[in-house]
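Colleague: I would like a close look at a single part of this model. Please start from one residue and then work outward to the rest.

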Amino acid sequence: MSVDRATVHRIASLARLAITEEEAEQLEKELSGIFDWVAQLDELDTSAVEPMTRVAAMTMRLRKDEVTDGFYADDIVKNAPKVDDHYFVVPKIIE
Amino acid sequence: MSPTKLTDLTIAEARDGLRAKSFSVQELAKAHLDAIETAAALNAYVLPTPERALEMAKASDARLGKGEGGALEGIPLGIKDLFCTKDVRTTACSHILGEFTPTYESTVSANLWAEGAVMLGKLNNDEFAMGSSNETSFFGPAINPWRREGSDAKLVPGGSSGGSSSAVAAHLCMGATATDTGGSIRQPAAITGTVGIKPTYGRCSRWGIVAFASSLDQAGPITRTVRDAAIMLKNMSSYDPKDTTSADVPVPDFEAAVGQGVKGLTIGIPKEYRVPGMAPEVEALWQQGIAWLKDAGAEIKEVSLPHTKYALPAYYIVAPAEASSNLARYDGVRYGLREPCADVTSMYENTREAGFGAEVKRRILIGTYVLSAGYYDAYYLKAQKVRTLIKQDFDQAFEGVDAILTPTTPGPAFAIGEKSGDPLDMYLNDIFTVTVNMAGLPGISVPAGSSSECTPLGLQLIGRAFDEETLFRAGQVIEDAAGPSAKPADWWSEAK
């Protein structure tokens, strides 16, 4: 299954990656090669197979609905590139 | 004891030496810090932490002086840069994390410090653990201390845990933490002559480990002996309420299994692991391993794992899909790099473009594509169904055998740049290891011999879920038969 240039640009935009035209050219070839190779999975009839949802049988644990974590806003914003008080600062979104 | 000798000890030997007061924790740490300082050529450490190491060593000596101390008291370890370490820069070897300095400690590393271990520094890895050669690291490749006979070409230490395997093989730490999503502990261990075990999914908490593919990622140790791997894994494992996939099962004393032998065990040999392009010496080594286990009293039985060839293509759907979701968090807002832009979308797009390397972008795009509208059933759902088939193969095989023996890699260490031109060629390195992650099972790689180029090769043992003990039993038999693994000739040390 080959991937064309327009598709590369479309998925790059979905993935929020500002790729260059040179990268798009390279990726078109590489992704097509990878999807061609992945297509061998079509040899398998999986219509009656359940998808794996967890690797080991395990029942989901429950815990009391209470606050067990938090109250360290200083830590949370510590590594942010731009902060105002306890807020992350980003370029203006709404005019 | 001279300082060079201290770096030659195993964890088990150092533990005894420290208890007997033959040397101090500070002497042991200093010997390793000196070795690290002269080994810049290997690029194994991306951030040595000598001050932290000496501070921890001093506290450890004080505990030992009072007759206290944990199971890893005073043992100097390296930590893969995928583990968050409090107040110590953690980057996953990606530019996008910049100078990220966690305000918390990963559960696995916290467990090690609680038992008295000493941190020497942060180890190199492929960017976000995506790679099989450590060549995708933002800090440049780590180098294998082994070289081909008669050649000074630089070989890769494997990946993604290439800094861990290089540092352990070159005696720059006594053991290292590592992580394995498709083979990233076992493949680097095999081609550096070290021991690496990926335990059962859920054995080690993933909390505080930079996420790559959450349904596959699992932490484990790289060490120089099977016993040391057992000691380290016991102290890395725990049930952790902070990781919902962490297994609430008792952690056995893995070291007690070492030395129990393989009498009464049945070892399976899967015929599907004989693949085109496999080096002839790998086949010979596999036969040797079968003979060793048989001589030690194991019964050998052929098994069939018919869906083996589909594991790698299915992995290259599941892992990129999960990675594209996990890596969505790197957007220039909360931590790491930000490329300043006038509007928020350009800020996201330019930050991610500048911060991620080529392999990471490739996988994000594969993942975004297979999860995009209209393709989910054809790719992700299909791959998860193939995973069920792979798991069923193993379930059937384990009805008649206790463990499965395979080669770890299709060949020995390759040179820097030799395989980086073609992504598919690189992906094929994980052909024997990736099935284990897809099924969530434990797998160990043990050094077993040398290639025709005099570089190390390993054999892999695969076990039932939560039966790492059988792997330690059989792994020790291979280690005993193969003889102690040699230390590579030192070409990297600079004169001080």
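Does B:Phe128 count as buried or exposed?

Modeller: B:Phe128 counts as buried, because 32 C-beta neighbours lie inside 10 Å. The cut-offs are 20 or more other C-beta atoms within 10 Å for buried, 12 or fewer for exposed and partly exposed in between, with C-beta atoms placed from the backbone. This is a predicted model, in which local features need pLDDT of at least 70 and side-chain atom pairs count only at pLDDT 80 or more, while totals for chains, interfaces and linings use all residues. Residues are numbered from 1 along each chain as its sequence is written, and chains are lettered from A and ligands numbered from 1 in the order in which they are written.

The backbone of B:Phe128 deserves a look too. Its phi is near 55°, a positive value in a residue other than glycine. Most residues other than glycine have a negative phi, and most peptide bonds are trans. B:Phe128 sits in the loop between E3 and H6 of chain B. Helices are DSSP runs of H or I with at least four residues and strands are runs of E with at least two, numbered from the N terminus. The loop between strand E3 (118-123) and helix H6 (162-169) also holds B:Ser160, and B:Ser160 is joined to B:Gly159 by a cis peptide bond with omega of about 10°. After H6, in the loop that leads to strand E4 (175-180), comes B:His171. B:His171 has a positive phi of about 60° although it is not a glycine, and B:His171 is buried, since 21 other C-beta atoms lie within 10 Å.

The chain around these loops has 17 helices and eleven strands. Buried residues make up 62% of the 496 residues of chain B. Its radius of gyration is 21 Å, which agrees with the value near 23 Å for a compact globule of 496 residues; the radius is taken over C-alpha atoms, and the globule rule is 2.2 Å times the number of residues to the power 0.38. Contacts here mean C-beta atoms, placed from the backbone, within 7 Å. Among contacts in chain B between residues at least 6 apart in sequence, 77% join residues at least 24 apart. B:Pro442, in the loop between helix H16 (434-439) and strand E10 (443-450), gives a local example: residues it touches include B:Ile197, B:Pro199, B:Asp467 and B:Leu471. B:Pro442 is buried, with 27 other C-beta atoms within 10 Å.

Chain A reads α-α-α-β-β along the sequence, and 15% of its 95 residues count as buried. Chain A has a radius of gyration of 23 Å, whereas a compact globule of 95 residues would be near 12 Å.

The two chains meet through 51 residues of chain B and 35 residues of chain A. On the chain B side, H14(B) gives the most, with ten residues. That side has 27 nonpolar, twelve polar and twelve charged residues, where Ala, Val, Leu, Ile, Met, Phe, Trp, Tyr, Cys and Pro count as nonpolar, Asp, Glu, Lys and Arg as charged, and the others, Gly among them, as polar. From chain A, A:Pro51 touches B:Leu381, B:Gln384, B:Lys385 and B:Thr388, leaving aside its neighbours within four places in sequence. A:Pro51 is partly exposed, with 15 other C-beta atoms within 10 Å.

One helix pair spans the two chains. Helix H2 (residues 21-38) of chain A packs against helix H13 (residues 358-371) of chain B at about 55°, with axes 11 Å apart. Axes are lines fitted to C-alpha atoms, for helices over the stretch in contact, and angles run from 0 to 180 degrees between N-to-C directions. H2(A) and H13(B) are therefore oblique to each other; under 35 degrees is roughly parallel, over 145 roughly antiparallel, 65 to 115 roughly perpendicular and the rest oblique. A:Leu27, A:Glu30, A:Leu31 and A:Ile34 meet B:Arg362, B:Leu365 and B:Ile366 there. These residues divide into five nonpolar, no polar and two charged.

Within chain B, H13(B) also packs on H11(B), their axes coming within 7 Å and crossing at roughly 100°. That makes H11(B) roughly perpendicular to H13(B). Among the residues of this contact are B:Tyr316 and B:Pro320 of H11(B) and B:Ile366 and B:Val370 of H13(B).
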